[in-house]
Every structure is written in structure tokens, then in C-alpha cells.
Amino acid sequence: KQKKIKTRLITLSAPFAGSEISAILRIFRPDSLFFKNIGDHTEFIKEFKRHPLPCHSHIFVTVEGGADWMPQANDGVVTIASQTFFEGDPNASQHTVKSNHFEILLTDAVIAQLYKESK
């Protein structure tokens, strides 16, 4: 028998185009591969941006709680532009969430979608 496997991707406030704040955070945690890899000019992010989304993706973009010291519109951690990098990709279903980067899992719409996709 052949099984049909449904592949989905759900992202929450993801920095698809990299995170500008990671350069600052690397000062405090220079050994962190996470902060090293999510910088907006790293090879990891450059390679990631070269490819379309691999499967149907629900992209949750947080738009509240901006940090004043970041020059672009942001959610307190990641810019809105980085989160919406795949806007227009045929595999992307983008959802705007009125919360900050840290509160996204407290949002009813996000929890409902996660529950629906986990079935």
C-alpha cells in the first residue's frame, strides 16, 4: 500500500530574511549558533531565501510591540519585512496577528490553526 503524506509548515514570527538584532545578541552570546545563523547577511539565510517554500505553509506574522531602537516596523524582535519575505509565494498562507513576538502563542486564532493542522 502507498500512504499519502501531507506535509505542512507552520511558522510563528519567523525571520525568513534574517534578524538584524542577531548581530547585537551575538555580543552577549558569541557561542550561540542560533544567533550566528539567523543574521540577515549569513550564508544560511542567503541560501534559504534562494528557494521557494517547500510545501503549503501557514505564516503567522506578528505586528504589535515594536522596539523603538529598530529602524523598521517590527514585533519587538523581528522586522515585519523579514516575516513577510515569502508574501506572494503560491505555497504561503499569510496570517497577520495583532500581538508581539512573545505573545503569539496566547492568540486564539493561532492556537485554533495549530490545533486544526495537527489533526
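Is E43 buried or exposed? E43 is exposed, because its relative accessible area is 54% and the cut-off for that class is over 50%. The model is a predicted one. This report takes the salt bridges, then the largest pocket.

## Salt bridges

A search of the whole structure finds 3 salt bridges. The table gives each pair with its N to O distance.

| Pair | N to O distance |
|---|---|
| R29 and D31 | 3.6 Å |
| K46 and E43 | 3.9 Å |
| E47 and R50 | 2.6 Å |

Take K46 and E43. Both residues sit in helix α3. They are 3 residues apart, about one turn of the helix. Their closest N and O atoms are 3.9 Å apart. E43 is exposed at 54%. K46 has 34% relative accessibility, so K46 counts as partly exposed.

Next come R29 and D31. Their side chains meet in a salt bridge, with N to O at 3.6 Å. R29 reaches 45% relative accessibility and therefore counts as partly exposed. D31 stands at 58%, so D31 is classed as exposed.

The remaining pair is E47 and R50. Here the side chains meet at 2.6 Å, N to O. E47 is partly exposed, because its relative accessibility is 38%. R50 has a relative accessible area of 53% and is therefore exposed.

The partners can also be read by exposure class. R29 is partly exposed, and its partner D31 is exposed. K46 is partly exposed, and its partner E43 is exposed. E47 is partly exposed, and its partner R50 is exposed.

## The largest pocket

The largest pocket has a volume of about 230 Å³. It is lined by 17 residues. Closest to the centre of the pocket are S13, A14, P15, F34 and I38.

Which elements give two or more residues to this lining? They are α2, spanning 33-37, and α3, spanning 43-49. The largest share comes from α3, with 3 residues. Helix α3 also holds both K46 and E43, the pair described above.

What is the make-up of the lining? It divides into 14 nonpolar residues, 3 polar residues and no charged ones.

## In brief

Helix α3 links the two topics. It holds the K46 and E43 pair, and it gives the largest share of the lining of the largest pocket. That lining has no charged residues.

Key: Residues numbered from 1 in each chain as written. Predicted model: local features only at pLDDT ≥ 70, side-chain atom pairs only at ≥ 80, totals over all residues. Heavy atoms only, no water. 1 Å grid on protein atoms, 1.4 Å probe; cavity = no way out; pocket = protein on both sides within 12 Å on 5 of 7 lines; lining within 4 Å. Points joined across faces, edges and corners; volume = space filled by probe spheres on them. Helix = DSSP H or I, 4+ residues; strand = E, 2+ residues; numbered from the N terminus. Nonpolar A, V, L, I, M, F, W, Y, C, P; charged D, E, K, R; others polar. Salt bridge = Lys/Arg side-chain N within 4 Å of Asp/Glu carboxyl O. Buried < 20%, exposed > 50% of the residue type's maximum accessible area, 1.4 Å probe, protein only.
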